[in-house]
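Thanks for coming. I have one structure to show this morning, and I will walk through it helix by helix.

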Amino acid sequence: MIPSSLYPLVTALLSNVLAQVGKTVVYYYRTGKWDLHWVIASGGFPSSHSSTVTALSLSIGIQEGFDSAIFAVTTIFSFIVMYDACHVRYYSGKNIELTQQLVKDLREMTGLRFDDPIYQEKLKNVLGHKFVEVIGGFVVGLIIPLILCPLFL
């Protein structure tokens, strides 16, 4: 029997792994190609950030009570993480895209050479999530603690 004290940890980690693996399945469904890169990628559907913090909060609520201070703390933490994934990180990625396009346009329009190595660096522009991706992670994070609850408590 697994100790009940590990219930929040196990649900959070399992939710994270399932969301990451789920990204690969969703990518295959959309494109017809397997790309295992999605197992470790940020961004995409469902959000593993959202699934992890949601599972953590719900499992804490189930275990410690929804009126406990630790549930309140993890819930606020979850809202901050999901907001960050959906807004701050998403728009940071968009900013990278815009900057890369500006550099490309300047090269083409003016013939300027950008010799500094910083301009050659490949930056990832998918950092955050669209709202629906965060909601997808939220749903995964709700389901996993409910499924695992009978095994721990």
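I will begin with the helices, then turn to the cores, and end at the surface. One thing to keep in mind is that this is a predicted model.

Start with helix α1, which covers residues 7-31. It has 25 residues, and the distance from its first C-alpha to its last is 36 Å. That is close to the 36 Å expected at 1.5 Å a residue.

Which residues of α1 are buried? They are Tyr7, Pro8, Thr11, Ala12, Ser15, Ala19, Gln20, Gly22, Lys23, Thr24 and Val26. Polar names such as Lys23 and Gln20 are on that list, so do not go by residue type here; Lys23 counts as buried because its relative accessible area is under 20%. What do these buried residues pack against? Their partners are α2 and α4, the latter being residues 131-152.

Take Thr11 as an example from α1. Its relative accessibility is 0%, and therefore it counts as buried. If we leave aside neighbours within four places in sequence, Thr11 is in contact with Ala55, Ser59, Ile144, Pro145 and Leu148. Ala55 and Ser59 are among the buried residues of α2, while Ile144, Pro145 and Leu148 are among those of α4. Thr11 and Pro145 are 134 residues apart along the chain, yet 5.5 Å separates their C-alpha atoms. That pair is a good one to find on the screen.

Just after α1 comes Gly32, with a positive phi of about 80°. Further on, in the loop between α1 and α2, we reach Pro46. The peptide bond from Phe45 to Pro46 is cis, with omega near -5°.

Next is α2, residues 48-64. How many of its 17 residues are buried? The count is 12, so the helix is mostly covered. The buried set includes Ser48, Ser50, Ser51, Thr52, Val53 and Thr54. From end to end, α2 reaches 24 Å between its first and last C-alpha atoms, close to the 24 Å expected.

Ser50 sits in α2. Is it buried or exposed? Ser50 is buried, because its relative accessible area is 0%. Setting aside residues up to four places away in sequence, Ser50 touches Met82, Val134, Gly137 and Phe138. Between the C-alpha atoms of Ser50 and Met82 there are 5.6 Å, with their positions 32 residues apart along the chain counted as the separation.

Now α4. Its 22 residues should span 32 Å at 1.5 Å a residue, and its end C-alpha atoms are 32 Å apart, so the two values agree. The buried residues here are Glu133, Val134, Gly136, Gly137, Val140, Gly141, Ile144, Pro145, Leu148 and Phe152.

On to the cores. Which residues form the largest nonpolar core? There are 6 of them: Val53, Val81, Met82, Ala85, Cys86 and Val134. Helix α3, residues 69-110, gives the largest share of this core, with 4 residues. Apart from it lies another core, of 5 residues, among them Tyr7, Val140, Ile144 and Phe152.

Two members of the larger group have come up already: Met82 and Val134 both touch Ser50. Another member, Ala85, touches Tyr90, Gly128, His129 and Val134, again not counting residues up to four places away in sequence.

Last, the surface. Val17, Val21, Val25, Tyr28, Trp34, Leu36, Val39 and Ile40 form a nonpolar patch there. Together they have about 800 Å² of accessible area.

Val25, one of the patch residues, lies in helix α1. Why does Val25 count as partly exposed? Its relative accessibility is 45%, and partly exposed runs from 20% to 50%, so Val25 falls in that range. Val39 is also in the patch. The C-alpha atoms of Val25 and Val39 are separated by 9.5 Å, and the two residues are 14 apart along the chain.

That is the tour.

Conventions:
Residues numbered from 1 in each chain as written. Predicted model: local features only at pLDDT ≥ 70, side-chain atom pairs only at ≥ 80, totals over all residues. Heavy atoms only, no water. Patch = residues over 30% accessible without salt bridge, like charges linked within 9 Å, V, L, I, M, F, W, Y side chains within 5 Å. Areas by Shrake-Rupley, 256 points an atom, 1.4 Å probe, with all protein chains shown as cover. Salt bridge = Lys/Arg side-chain N within 4 Å of Asp/Glu carboxyl O. Helix = DSSP H or I, 4+ residues; strand = E, 2+ residues; numbered from the N terminus. Buried < 20%, exposed > 50% of the residue type's maximum accessible area, 1.4 Å probe, protein only. Core = buried A, V, L, I, M, F, W, Y, C linked by side-chain atoms within 4.5 Å. Contact = heavy atoms within 4.5 Å. Expected span 1.5 Å × (residues − 1).
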